[in-house]
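This report introduces one protein chain to a reader who has not met it before. It moves from the chain as a whole to its helical segments and then to its sheet.

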Amino acid sequence: MNRHFHGRPVAASWRTALGERCDRISAGYRRLADLPPFAAADGATDGAPSPPISFWRANAAAWIFIAFFGLVSRLAAFNDVALTVALTLVLDPIGFLLTSAAYKLYLQRTQHRGAVIAAWALACSVLGGILQMVIANALKDGLFPDIPVGNMAANDAVPAVFYTAVFLGWSLAYFWIRAAVDARSERVRRSEAQAAATRAELQRLRLQLDPHFLFNALNTVAAEIPDNPDSALEMTHRIAAYLRYSLDQQTRPVCPLTDEIEAVRAFVRIQELRFEGRLRCVVEMDPAVRAVAVPHLIVQGLVENAVKHGLRSSAEMLEIRVTARRTADDAVVIEVVNPGRLAPRVGDRPGVGLANTRRRLELHYPARHELSLSQEDDLVMARLLLRGDACFA
């Protein structure tokens with residue numbers, strides 16, 4: 001358990017930048033799991049630091065309440081102000097010290113559960129009650145020897161019964177809070193494990209995109225080298241510029257939509273060289289969505305898909321139209337439209353780029369996104385709808 005409920009791991013490189021965001025969420029879970037006063041129940045064994053001040057404050061507050069309750073009940077039962085005050089001033093501070101000792105003892109018995117720890121609690125409570133009885137009787141004999149026989153204060157067993165009940169109640173409260181702390185700590189550990197798993201998957205998905213793009217781009221360059229070496233050289237320069245831009249953005253898991261659109265334009269410029277004037281990209285973006293943060297390369301996959309399949313079905317100019325706007329309910333809609341026919345799916349698995357995009361959307365916008373491919377007359381439309389802010393931003 002994190003005793004201070006703070007702190008977060010730091011990413012070691014740009015490839016783990018998404019991990020840094022996930023760790024921020026883990027830290028948020030730790031803050032939400034800020035534990036109750038007995039939070040040190042997992043620690044503080046021999047040689048460990050002293051229990052945190054939160055325990056002492058909680059224990060002191062509990063004994064102030066017990067002292068007030070004892071003062072009122074003794075005054076009503078004994079009808080003697082001096083005796084009541086004397087017993088309260090002596091016994092309740094001792095009770096505070098005894099429960100503090102019990103706390104240390106319970107910490108050293110953290111491996112015990114069930115009947116064993118219940119027996120320890122009962123034994124400690126009875127011994128504490130007997131000790132309080134001995135002290136109370138010595139105090140009464142020394143300072144108040146003339147207590148009337150009919151007065152309840154004359155009954156030597158009263159302090160034992162009262163403080164045994166108090167110590168048992170204190171122990172019950174301690175173990176109840178301890179159980180709540182353990183349950184909450186387990187939830188924190190599960191949340192951290194889920195965050196780590198999500199971080200690892202996002203890293204894998206993010207790293208999958210660059211090799212996928214490079215594979216396609218380098219194949220394109222290789223195809224151009226024999227017949228169009230100048231075009232291949234220019235394409236190589238544009239690929240280098242695109243990758244430089246991509247690397248510059250890798251330290252952030254999301255970027256403004258306007259930057260993502262610039263990445264799309266850079267990608268299209270690379271393809272324009274290959275298809276020698278047969279490809280054109282038109283972008284229409286509502287100014288209201290320019291600054292909206294979206295995951296990197298979330299639009300490029302749709303455009304790459306449009307280029308790949310659109311050119312197969314179009315013998316003439318392929319115009320890809322990208323539009324981005326905000327809807328009346330404050331969602332962001334991004335549409336990528338190209339002429340052609342929607343190709344039937346081959347097999348059960350979609351392409352790498354589309355599958356990657358769908359999974360990243362599930363992680364960044366759980367239950368807050370829609371991605372669809374549809375045929376509208378002679379056009380194929382990829383429609384992406386995003387609601388709210390991206391997770392891990």
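Of the 393 residues in the protein chain, 41% are buried, where buried means under 20% relative accessible area, exposed over 50% and partly exposed in between, with a 1.4 Å probe and protein chains only. The model is predicted: local features need pLDDT of at least 70, side-chain atom pairs count only at pLDDT 80 or more, and totals for chains, interfaces and linings use all residues. Residues are numbered from 1 along each chain as its sequence is written, and side-chain values use heavy atoms, with hydrogens and water left out.

The protein chain contains nine helices and seven strands; these are DSSP runs numbered from the N terminus, with helices (H or I) of at least four residues and strands (E) of at least two. About 20600 Å² of the chain is exposed, and carbon and sulfur atoms supply 61% of that area, as computed by the Shrake-Rupley method with a 1.4 Å probe. Among contacts with a separation of 6 or more, 74% join residues 24 or more positions apart; a contact means heavy atoms within 4.5 Å.

**Helical segments**

An unreviewed UniProt entry lists residues 60-77, 83-103, 115-140 and 160-181 under "transmembrane region". Such annotations may be inferred rather than shown by experiment. Residues 83-103 are 100% helix and 0% strand, with end C-alpha atoms 30 Å apart. For residues 160-181, the span is likewise 100% helix and 0% strand, and the end C-alpha atoms lie 31 Å apart.

Leu-139 belongs to helix H4, which covers residues 115-143. With a relative accessible area of 15%, Leu-139 is buried. Beyond its neighbours within four places in sequence, Leu-139 is in contact with Ala-86, Leu-87, Val-90 and Phe-144. Leu-87 is 52 residues away from Leu-139 along the chain, yet their C-alpha atoms are separated by 7.7 Å.

**The sheet**

Five strands form an open sheet of mixed pairing, in the order E2-E4-E5-E7-E6. Strands E2 (279-285) and E6 (369-376) each have a single partner strand, so one side of each is left without a neighbour in the sheet. From one strand to the next, the twist averages 15°. Two strands count as paired if DSSP finds at least two bridges between them. Three of the pairings are set out below.

| Strands | Sense | Bridges | Opposed residues |
|---|---|---|---|
| E2 and E4 | parallel | seven bridges | Met-285 and Ala-324 |
| E4 and E5 | antiparallel | six bridges | Arg-321 and Val-337 |
| E5 and E7 | antiparallel | eight bridges | Val-336 and Ala-382 |

Strand E5 spans residues 332-339 and strand E7 spans residues 379-386. The hairpin of E4 and E5 has five residues between the strands, and in that hairpin Asp-330 takes a positive phi near 75°.

Thr-323 is found in strand E4. Its relative accessibility of 17% is the reason why Thr-323 counts as buried. Not counting residues up to four places away in sequence, Thr-323 touches Glu-284, Val-333, Ile-334 and Glu-335. In a regular strand, side chains alternate between the two faces of the sheet.

Helix H7 (residues 257-275) lies across E2, strand E4 (318-326) and E5, and runs at about 170° to E2. Axes are lines fitted to C-alpha atoms, for helices over the stretch in contact, and angles run from 0 to 180 degrees between N-to-C directions.
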